[in-house]
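User: Hi! I'm new to reading protein structures. Could you walk me through a few features?

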Amino acid sequence: MDKDRVAEILNEIGILLELKGENPFKTRAYANAARALEALSEPLEKVIAENRLGEIKGIGEALQKKIIDLVTTGKLAYYEDLKASIPPGLVEMLQIPGLGPKKAKALNDKLGIASIEQLEAACKAGKVAELQGFGEKTQSKILEGIQFRRNYASRHLLSDALAAAEPLLESLRSQPDVIRCSTAGSVRRFKEVIGDIDFLVSSKKPSSVIDFFTRQPGVLSVIAKGDTKASVVLQGGIQADLRVVSDREFPFALAYFTGSKEHNIVMRQRAIQRGLRLNEYGLFRSHEETRDPELLVPCATEEDIFKHLDLACIPPELREDQGEFAAAERDEIPRLLEWTDLRGSLHNHSHWSDGRGTLEEIAAHMDGLGCDYWAITDHSKSSFVANGLDAARLRQQIKTVAKVNATYAEQGNEFRLLTGSEVDILSDGQLDFEDDVLAELDVVVASVHQGFTHNEAEMTRRIIRAAENPFVHMLGHLTGRLLLEREGYPVNQRAVIDACAETGTWVELNASPYRFDMDWRLWSYARTKGVRCVINCDAHRNEHAGYLRLGAGIARKGWLTKTDVINTLPLKALMKELGRKRAKVA
Ligand code: DGT
Ligand code: CA
Ligand code: CA
Ligand code: ZN
């Protein structure tokens with residue numbers, strides 16, 4: 001078991017203990033130990049093998065034993081027993097925003113509530129408001145939270161869906177009875193949020209493929225299993241559908257099950273206009289619904305289907321009926337960005353604020369991945385919870401960056417860290433640093449992290465004011481949304497885009513799968529205005545470099561090409577672009 005999973009379990013133990021009403025010192029010890037493990041920069045196995053677990057601050061003897069059990073056996077009886085002693089519905093209640101273990105315990109103790117359904121009923125009956133420490137306001141907050149969770153419980157982040165889908169697709173590919181296979185549905189279209197995962201396989205032996213699929217290690221339970229299709233639940237509670245078709249049907253089924261529904265409707269209309277019928281089984285020379293193989297228009301790939309409907313091939317990401325047909329008719333589908341076009345990220349954090357890793361560690365990792373550059377843009381002082389930097393620490397950091405870069409230069413290595421700041425946009429639209437400080441930095445990202453309660457007009461004005469600053473290169477996560485968690489604050493994004501066009505400010509596509517902000521639906525507008533995109537990891541640890549691939553997929557969904565995206569530029573050209581806006585005031 002790896003340290004992140006061990007840390008997760010320790011955290012969970014802390015929460016379970018809190019639900020039991022254990023003393024806070026004990027429960028906090030688990031959370032602290034989890035944090036200490038997460039911060040560990042070497043493999044946990046190694047620390048254990050060398051008997052150094054006790055040297056880590058915050059891990060006492062009892063905890064050491066538990067951690068060793070987890071790492072060596074993958075199990076911990078104490079944890080299993082603890083989990084079994086608490087109603088699962090009570091743990092589930094913690095997923096309601098604003099409901100912590102203390103409140104959940106009180107609800108359980110005083111009203112016997114042990115599930116979300118019971119909680120909802122108690123709120124509606126007004127019983128929760130009567131409890132000491134709750135009140136009307138808390139009660140309505142809880143009800144709101146339940147509704148929110150219900151709307152989102154069956155939806156998943158793209159990143160979680162991909163993490164579940166990709167290993168399964170790999171396994172399917174290796175199964176000897178599988179001829180072709182692919183994901184379909186919203187995963188293939190790279191939607192930011194996913195209902196369920198769809199797989200499509202062609203085979204001569206469907207039942208063998210179905211058996212193989214339902215027995216995969218990632219499969220938690222089988223919902224339905226037929227001759228040519230199956231539905232299962234994967235780890236993380238994500239549902240996955242598999243359909244098996246003949247290889248001749250494969251391209252038609254792939255097009256159909258990739259969707260979107262709106263896209264499919266137009267495809268079918270186009271077929272009808274040409275005296276054809278399109279469905280999941282084929283494209284037929286017929287004026288009515290059929291699947292008669294005699295009437296089939298043979299197509300080896302999706303591209304052939306598009307050709308018969310007088311269309312250039314439409315990439316799956318664009319199949320949302322958002323202008324792809326007009327473009328494909330004129331053979332004007334742009335050549336979309338590839339994630340390998342990206343050369344680095346311009347908004348990232350380090351241990352100087354709320355990220356992990358020293359500048360040396362980050363540089364080594366990103367250089368190792370093949371990046372050309374990596375900007376360090378830690379938080380500014382107003383973000384004090386995130387340990388934001390004041391001007392003095394920022395200047396210290398600039399010196400450290402220079403030192404790191406000097407070692408690369410000496411080795412003849414062209415990789416460079418860039419200095420920077422994710423500077424807070426304050427309530428009135430002023431920035432958290434004076435212009436003379438910002439002028440010392442390679443990269444300035446301006447973001448809103450506080451004062452979310454302003455109305456749309458105020459918010460828009462505030463952000464536009466930041467864009468007007470000559471030292472601000474780009475606006476970070478424009479709406480502040482957290483997918484499946486919270487809506488963004490209200491802001492007129494088109495007005496902000498217009499201001500960016502006027503001032504030569506770029507807009508970030510924050511590639512964190514929790515954000516994907518600015519939304520893909522707005523990039524076409526930005527593009528027509530000539531506003532350029534920066535795809536940023538907003539990395540808080542090295543693993544987050546992988547977000548570049550996700551961000552590129554979302555950029556493709558927004559019709560963006562290599563030239564629309566600033567961080568496809570090599571270092572020298574990038575530096576020139578970074579100097580452009582501020583040169584106007586010099
Ligand atoms: P999701 O799962 O909610 O994230 O979204 P999708 O797009 O993956 O939807 P899903 O899994 O229900 O179905 C996969 C595709 O199958 C969908 O994108 C289009 C196609 N499809 C499913 N049902 C219909 C339908 O009633 N009419 C049409 N035209 N296409 C459908
Ligand atoms: Ca789906
Ligand atoms: Ca489905
Ligand atoms: Zn931020």
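Analyst: Sure! Let's begin with a term: a residue is called buried when its relative accessible area is under 20%, exposed when over 50%, and partly exposed in between. Keep in mind that this is a predicted model. With that cut-off, His-477 is buried, as its relative accessible area is 1%.

User: And is His-449 buried or partly exposed?

Analyst: His-449 has 25% relative accessibility, so it counts as partly exposed.

User: Which residues coordinate the zinc ion (ligand 4)?

Analyst: For a metal site, look for the atoms that act as donors. Here they come from Glu-422 (OE), His-449 (NE2) and His-477 (NE2), at 2.1 to 2.3 Å from the zinc ion (ligand 4). Along the sequence these donor residues follow the spacing E-x26-H-x27-H. The two histidines link distant parts of the chain, 28 residues apart: His-449 is in the loop between strand S13 (443–447) and helix H21 (456–468), and His-477 is in the loop between strand S14 (474–475) and helix H22 (493–503).

User: What about calcium: which protein atoms are the donors of the calcium ion (ligand 3)?

Analyst: Asp-196 (OD) is listed twice, and Asp-198 (OD) and Asp-241 (OD) join in, lying 2.3 to 2.7 Å from the ion. Their spacing along the chain reads D-x1-D-x42-D. Asp-196 also coordinates the calcium ion (ligand 2), which sits 3.6 Å from the calcium ion (ligand 3). Asp-196 lies in the loop between strand S3 (193–194) and strand S4 (197–203), while Asp-241 is in strand S7 (residues 238–245), so the pair ties together parts that are 45 residues apart in sequence. As for burial, Asp-196 is partly exposed at 22% relative accessibility, and Asp-241 is buried at 11%.

User: Now a charged residue. What is the nearest side chain of opposite charge to Lys-3, and how far away is it?

Analyst: To call something a salt bridge, we want the Lys nitrogen within 4 Å of a carboxyl oxygen. For Lys-3 the nearest candidate is Asp-4, at 4.1 Å, and Lys-3 is buried yet has no salt bridge. Lys-3 is in helix H1 (residues 3–20), and its side chain reaches the backbone oxygen of Leu-40 at 3.3 Å. Its contacts include Leu-37, Glu-38 and Leu-44.

User: Last one: why is strand S12 described as largely enclosed?

Analyst: Count its buried residues. In strand S12 (residues 416–424), eight of the nine are buried, so the rest of the structure largely encloses it. S12 also pairs with strand S11 (residues 373–379) in the parallel sense, over seven bridges. In one of these, Asp-378 has Ser-421 in S12 as its bridge partner.

Technical notes:
Residues are numbered from 1 along each chain as its sequence is written. Chains are lettered from A and ligands numbered from 1 in the order in which they are written. This is a predicted model: local features need pLDDT of at least 70, side-chain atom pairs count only at pLDDT 80 or more; totals for chains, interfaces and linings use all residues. Side-chain values use heavy atoms; hydrogens and water are left out. Donors are N, O and S atoms within 2.8 Å of the metal (3.2 Å for Na, K and Ca); water is not among the atoms, so sites may look incomplete. Helices (H or I, at least four residues) and strands (E, at least two) are DSSP runs, numbered from the N terminus. Buried means under 20% relative accessible area, exposed over 50%, partly exposed in between (1.4 Å probe, protein chains only). Lys and Arg count as positive and Asp and Glu as negative; His and the chain ends are not counted. A polar contact is a pair of N or O atoms within 3.5 Å; within protein, one must be able to donate a hydrogen and the other to accept it, and residues adjacent in sequence count only if both atoms are side-chain atoms. Contact means heavy atoms within 4.5 Å. Two strands pair if DSSP finds at least two bridges between them. Lists of a residue's contacts leave out its neighbours within four places in sequence.
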